[in-house]
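Subject: Handover of a structure, with notes on what was found

Dear colleague,

I am passing the structure below on to you, and the notes that follow set out what was found in it. Please read them with the coordinates open beside you.

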Amino acid sequence: MPPRSLALKWPTVAIPAAAGVLVVLLAWLAGPGLLGITNDDLGAPVPAEVTKPAPCDKPDAVETVKFTIAGKTHEGTLNGCGHGQGERIDVGVPEVLPDTGTVTVRAADTSAGSSDARRPLGLALLVFACFSGGMYVHLVLRTQPKPKPVKVS
């Protein structure tokens, strides 16, 4: 029979394992937003004209563009720089447009956020973290405190 410190009882292993499985399941059900991954599809590309270009010498440069959808002209802000006045570019616009005001658009050949390829990696790291935490709990619970030596006077 193995020493008492090596004998595993089912709660010692089952409780951390169940907690790890529960965390991974909840992370999977929460969706990609939990791991910082978003799929912000801003709609189909629309031709636009740059009305107010921005130089690239400053951070967070914003240009103003105008575009037409369904016969109505809209004004939008494009997070970018380096285009010329009157230059035609393709922009991605949101599916729902406000009646008035400016709309935030993006360059049509780019995508906002991360790709879905990062979600499996994030879940794999979460599983590894749960496994590591469970093993740590197992090691802490199986270790017996050593008796203190009796001092003889």
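Arg 88 counts as exposed, because its relative accessibility is 60% and exposed means over 50%. Please keep in mind for this and everything below that the model is a predicted one. Arg 88 forms a salt bridge with Glu 49, in which the closest N and O atoms are 3.7 Å apart. The pair links distant parts of the chain, since Arg 88 sits in strand β4 and Glu 49 in strand β1, with their positions 39 residues apart in sequence. Glu 49, at 23% relative accessibility, counts as partly exposed, and a search of the whole structure finds 1 salt bridge.

The strands that carry this pair are themselves joined. Strand β1 (residues 45–52) and strand β4 (residues 88–92) run antiparallel and are connected by 5 bridges, and one of the residues to look at there is Ala 48, whose bridge partner in β4 is Ile 89. Strand β1 also runs antiparallel to strand β2 (residues 62–69), with 4 bridges between the two, and on that side Val 50 has Val 65 as its bridge partner in β2. As general background, side chains in a regular strand alternate between the two faces of the sheet.

Ala 48, Val 50, Val 65 and Ile 89 also belong to the largest nonpolar core, which has 11 residues and further includes Val 46, Phe 67, Leu 78, Val 91, Val 93, Val 103 and Val 105. The elements that give two or more residues to this core are β1, β2, β4 and β5 (102–107), and the largest share, 3 residues, comes from β1. In soluble globular proteins, nonpolar side chains tend to be buried together.

Two members of the core are worth following through their contacts, leaving aside in each case the neighbours within four places in sequence. Ala 48 is in contact with Val 65, Lys 66, Phe 67, Glu 87, Arg 88, Ile 89 and Val 91, a list that includes the arginine of the salt bridge. Val 65, which lies in strand β2, is buried, with a relative accessible area of 0%. Val 65 touches Ala 48, Glu 49, Val 50, Thr 51, His 74, Glu 75, Gly 76, Leu 78, Ile 89 and Val 105. The C-alpha atoms of Val 65 and Arg 88 are separated by 9.2 Å, and the two residues are 23 residues apart along the chain.

One of the contacts of Val 65 is His 74, which has its place in strand β3 (residues 72–79). Is His 74 buried or exposed? His 74 counts as buried, because its relative accessibility of 9% falls under the 20% cut-off. Beyond its sequence neighbours within four places, His 74 is in contact with Val 65, Lys 66, Phe 67, Ile 69, Leu 97 and Pro 98.

Lys 72 lies in strand β3 as well, but is partly exposed, with a relative accessible area of 37%. Again leaving aside neighbours within four places in sequence, Lys 72 is in contact with Phe 67 and Asp 99. Lys 72 and Asp 99 are 27 residues apart in sequence, and their C-alpha atoms are 9.5 Å apart in space.

On the surface, Tyr 136, Val 137, Val 140 and Leu 141 form a nonpolar patch, with about 390 Å² of accessible area together. Val 140 has its place in helix α2 (residues 118–142) and, at 45% relative accessibility, counts as partly exposed.

Finally, some figures for the protein as a whole. The protein has 2 helices and 5 strands, which follow the pattern α-β-β-β-β-β-α when read along the sequence. Of its 153 residues, 21% count as buried, and the accessible surface comes to about 11200 Å², of which 63% belongs to carbon and sulfur atoms. Among contacts between residues at least 6 apart in sequence, 60% join residues at least 24 apart.

With best regards

Technical notes
Residues are numbered from 1 along each chain as its sequence is written. This is a predicted model: local features need pLDDT of at least 70, side-chain atom pairs count only at pLDDT 80 or more; totals for chains, interfaces and linings use all residues. Side-chain values use heavy atoms; hydrogens and water are left out. Buried means under 20% relative accessible area, exposed over 50%, partly exposed in between (1.4 Å probe, protein chains only). Contact means heavy atoms within 4.5 Å. Accessible areas come from the Shrake-Rupley method with a 1.4 Å probe; for residues, only the protein chains shown count as cover. Two strands pair if DSSP finds at least two bridges between them. A salt bridge is a side-chain nitrogen of Lys or Arg within 4 Å of a carboxyl oxygen of Asp or Glu. Patches are made of residues with over 30% relative accessible area and no salt bridge: like charges are joined within 9 Å, nonpolar side chains (Val, Leu, Ile, Met, Phe, Trp, Tyr) within 5 Å. A nonpolar core is a set of buried Ala, Val, Leu, Ile, Met, Phe, Trp, Tyr and Cys residues joined through side-chain atoms within 4.5 Å.
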